[in-house]
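Subject: A structure for you to look at

Hi there,

I'm passing on a structure that I have been going through, with the sequence alongside it. Please open it and keep it in view while you read my notes below.

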Amino acid sequence: MAGVKLNDIWKIYDNGYEAVKNFKLEIEDGELLVLVGPSGCGKSTTLRMVAGLEEHTRGDIIIGDKCVNNVAPKDRDIAMVFQNYALYPHMTVYKNMAFGLTLRKFPKEEIARRVDYASKILGLEELLDRKPSQLSGGQRQRVAMGRAIVREPEAFLFDEPLSNLDAKMRVEMRKEILMLHERIDTTMIYVTHDQIEAMTLGDRICVMNIGVIEQVGEPRTVFDYPATVFVARFIGTPPMNLLEGRLTKKSGRYGFKSDCFECILPDHMQKLLDNQEADKEVLFGVRPKSLIISEAVEESTKCDAWISGKAGISEMLGEEILTHVECGSQGFIASIDPKYEGCLTEDNVEFALDMELAHVFDKETGRNLTIPELVKNDTTHWSNKIRQRSLRRRKQRDQETALV
Ligand code: ADP
């Protein structure tokens with residue numbers, strides 16, 4: 001097992017296109033890190049550079065304590081699971097899983113031990129004699145994972161492994177990947193364009209956009225404290241509402257003003273905004289769930305500000321209604337409890353704003369101006385958390401082994 005360090009990695013393709021720029025990331029030993037971003041942002045290129053399938057233009061790639069810049073893919077001691085499974089159709093499940101080890105001339109008994117171990121973890125014991133054509137999509141993906149597990153690599157790389165599966169199977173396989181990670185406790189780098197997959201799987205997620213890292217952090221932190229406008233729009237369904245306007249400053253306190261909404265910003269933002277020029281063009285961000293329809297506001301609820309508008313289209317999703325509200329020249333989406341559906345027919349619908357997780361972004365740079373320092377410097381805390389979990393699992397496994 002090993003951590004993976006990417007020290008200022010660049011990829012410039014032959015046609016001059018800079019697909020990955022200035023990429024600096026340290027993936028902890030035993031961590032499941034998800035690279036997420038829209039199609040074309042450079043996720044696969046990054047993963048393929050770690051695997052050695054794509055040559056990097058600049059920087060150092062370090063696996064464990066070894067710089068692998070000039071090490072061939074087969075000698076990097078990593079295993080990759082692809083979207084299209086890449087199974088051999090004429091071989092049985094057993095042979096598909098054993099193939100890499102056979103090529104490397106492993107003794108038969110060792111191959112049998114490893115295939116047996118992997119097939120037990122993945123629930124493939126009953127399917128070892130089948131050919132890939134006799135398996136479902138989910139089972140094929142499990143065989144592809146089994147083939148990676150038998151290698152006992154330092155790290156696993158997953159390139160959109162669930163993209164070919166239907167929605168129900170994807171949920172099932174997400175659970176299996178989490179269980180697999182829990183069980184084998186090996187470093188995993190997982191690429192996906194699906195933010196829900198990223199949020200549910202990652203110890204940390206790394207959000208990429210046009211070749212650069214926008215933010216790295218624990219999923220919840222990235223959701224609650226997006227570092228940029230891009231992250232605020234990319235993570236969360238529906239995305240964070242972003243209202244255009246300007247900062248104001250009255251009696252030493254910052255506020256926000258747009259054509260449809262005005263408020264004094266809460267205490268925790270005042271210090272963070274210190275020295276920002278009043279009148280600066282900004283975006284005010286608030287999640288649909290932080291807007292509480294007036295009928296649902298109780299006396300005890302702390303209401304820092306109110307916003308109102310005309311309710312337009314409503315999407316009934318069962319547990320919530322997403323209602324699109326027109327507000328001046330702008331609009332926002334609110335998530336409301338279906339029991340308040342009747343209130344949406346009124347001309348003017350009012351919402352209280354929960355400012356706890358509202359944010360102010362610099363319109364020009366896209367940076368979040370209201371992220372607390374504690375969240376920005378969260379990396380040490382994370383290292384400890386991952387290390388502790390890893391130690392706990394190893395202890396558990398040692399105890400289990402002692403009983404066998
Ligand atoms: P992602 O995995 O995020 O969808 P990729 O890493 O596959 O993105 O691609 C990143 C960017 O690099 C894309 O704009 C893609 O068109 C470009 N790209 C990929 N391969 C090549 C290549 N061989 N030559 C030039 N550009 C490429």
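A polar contact here is a pair of N or O atoms within 3.5 Å. Keep in mind too that this is a predicted model.

Let's start with the ligand. With that cut-off in hand, look at Cys-41: one of its backbone N or O atoms lies 3.1 Å from an oxygen atom of the ligand. On either side in the sequence you will find Gly-40, with a backbone N or O atom 2.7 Å from a ligand oxygen, and Gly-42, where a polar backbone atom is 3.0 Å from an oxygen of the ligand. On its own the ligand has 560 Å² of accessible area, and the protein covers 62% of that.

Which residues are around the ligand? Among them are Tyr-13, Asn-15, Tyr-17, Pro-38, Lys-43, Ser-44 and Thr-45. Helix H1 (residues 43-51) gives the largest share of this shell, with 3 residues. By type, the shell splits into 6 polar, 5 nonpolar and 1 charged.

Next, have a look at the second largest pocket, which has a volume of about 520 Å³. Its lining is made up of 19 residues, and those nearest the centre are Ala-79, Met-80, Phe-82, Arg-104 and Arg-151. At least two lining residues each come from strand S6 (78-81), helix H2 (93-103) and helix H4 (137-149). What kinds of residues line this pocket? The lining divides into 14 nonpolar, 4 charged and 1 polar.

Happy exploring!

Best wishes

Technical notes: Residues numbered from 1 in each chain as written. Predicted model: local features only at pLDDT ≥ 70, side-chain atom pairs only at ≥ 80, totals over all residues. Heavy atoms only, no water. Near = heavy atom within 4 Å. Polar contact = N/O pair within 3.5 Å; in protein donor to acceptor, adjacent residues only side chain to side chain. Areas by Shrake-Rupley, 256 points an atom, 1.4 Å probe, with all protein chains shown as cover. Helix = DSSP H or I, 4+ residues; strand = E, 2+ residues; numbered from the N terminus. Nonpolar A, V, L, I, M, F, W, Y, C, P; charged D, E, K, R; others polar. 1 Å grid on protein atoms, 1.4 Å probe; cavity = no way out; pocket = protein on both sides within 12 Å on 5 of 7 lines; lining within 4 Å. Points joined across faces, edges and corners; volume = space filled by probe spheres on them.
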